[in-house]
Amino acid sequence: MDDQNNYYSCEQPQPQPQPVKEEKNGVAVASMVCGIISFFCCNPLYLVSLAAIVLGIVGMLGNKPQKGIATAGLILGIASIMFGVIVDIILLPLTFGTSFLF
């Protein structure tokens, strides 16, 4: 008899809450990747650093998530250019002699 009461019960199953999908900022991730590559790997003509800087600025604009990742990519791009320029200033005179400076 109890089975019949449960079968005809007015209770309906409650819907399960759906997981909230997190928005992603692909430009910020690309900035971070370019920043890491430019800082720790090759950086021909500072193009990878410039890409990290531009993508970092674009990733920080507007109301987008993951602004911290875009900021990290921007900082890595700037640091890579600064480090590269300092190394170039030190190594060029050592490579070509002092006649390169004059």
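Start by selecting asparagine 43 and valine 48: the side chain of asparagine 43 reaches the backbone nitrogen of valine 48 at 3.4 Å. Keep in mind that this is a predicted model.

**Stop 1: asparagine 43**

Stay on asparagine 43. This residue sits in the loop that links α2 and α3. Is asparagine 43 buried or exposed? Its relative accessibility is 18%, so asparagine 43 counts as buried, the cut-off being under 20%.

Now add serine 80 to the selection. The side chains of asparagine 43 and serine 80 are joined by a polar contact of 3.1 Å. Show the other neighbours too. Setting aside residues within four places in sequence, asparagine 43 is in contact with Ser38, Val48, Ser49 and Ser80.

**Stop 2: the whole chain**

Zoom out and colour by secondary structure. Four helices appear, and zero strands. Along the sequence the pattern reads α-α-α-α. Of the 102 residues in the chain, 19% are buried. Turn on contacts between residues at least 6 apart in sequence: 66% of them join residues at least 24 apart.

**Stop 3: α2 against α3**

Select residues 26-40 for α2 and residues 47-60 for α3. The two helices pack with their axes 8 Å apart, at an angle of about 155 degrees. Angles over 145 degrees count as roughly antiparallel, so α2 and α3 are roughly antiparallel to each other. The crossing of α2 past α3 is left-handed.

Show side chains at this contact. From α2, pick Val27, Ala30, Ser31, Cys34, Gly35, Ile37 and Ser38. They meet Val48, Ser49, Ala51, Ala52, Leu55, Gly56, Val58 and Gly59 in α3. Colour this set by class: nine residues are nonpolar, six are polar and none is charged.

**Stop 4: serine 31**

Centre on serine 31, in helix α2. How accessible is serine 31? Its relative accessible area is 0%, so serine 31 is buried.

Draw two distances from its side chain. A polar atom there lies 3.0 Å from the backbone oxygen of alanine 52. The serine 31 side chain also reaches the backbone nitrogen of glycine 56, at 3.2 Å. Next, display everything that serine 31 touches beyond four places in sequence. The list is Ala52, Leu55, Gly56, Ala70, Gly73 and Leu74. Serine 31 is part of the α2 contact with α3.

**Stop 5: α2 against α4**

Keep α2 and bring in α4, residues 67-96. The axes of α2 and α4 come within 7 Å and cross at roughly 25 degrees. That makes α2 roughly parallel to α4, since angles under 35 degrees are classed that way. Here too α2 passes in a left-handed crossing, this time with α4.

Select the residues that make the contact. On the α2 side they are Ala28, Val29, Ser31, Met32, Gly35, Ile36, Ser38 and Phe39. On the α4 side they are Ile69, Ala70, Ala72, Gly73, Leu74, Leu76, Gly77, Ala79 and Ser80. By class, eleven are nonpolar, six are polar and none is charged.

**Stop 6: phenylalanine 40**

Move along α2 to phenylalanine 40, which lies in that helix. Is phenylalanine 40 buried or exposed? It counts as exposed, because its relative accessibility is 62% and the cut-off is over 50%.

Draw a C-alpha to C-alpha distance from phenylalanine 40 to serine 80. These two residues are 40 apart in sequence and 8.4 Å apart in space. Serine 80 was at Stop 1 as well, in the polar contact with asparagine 43.

**Stop 7: α3 against α4**

Finish with α3 and α4. Their axes come within 8 Å and cross at roughly 155 degrees. That makes α3 roughly antiparallel to α4. The crossing is left-handed.

Which residues of α3 and α4 meet? In α3, select Ser49, Leu50, Ala52, Ile53, Gly56, Ile57, Gly59 and Met60. In α4, select Lys67, Ala70, Thr71, Gly73, Leu74, Gly77, Ile78, Ser80 and Ile81. This contact divides into nine nonpolar residues, seven polar and one charged.

Leave Ala52 and Gly56 highlighted: serine 31 touches both, and both take part in the contact of α3 with α4.

Definitions and conventions
Residues numbered from 1 in each chain as written. Predicted model: local features only at pLDDT ≥ 70, side-chain atom pairs only at ≥ 80, totals over all residues. Heavy atoms only, no water. Axes fitted to C-alpha atoms, helices over the stretch in contact; angles between N-to-C directions. Parallel < 35°, antiparallel > 145°, perpendicular 65-115°, else oblique. Left-handed = near helix turned anticlockwise from the far one by under 90°. Contact = heavy atoms within 4.5 Å. Nonpolar A, V, L, I, M, F, W, Y, C, P; charged D, E, K, R; others polar. Buried < 20%, exposed > 50% of the residue type's maximum accessible area, 1.4 Å probe, protein only. Polar contact = N/O pair within 3.5 Å; in protein donor to acceptor, adjacent residues only side chain to side chain.
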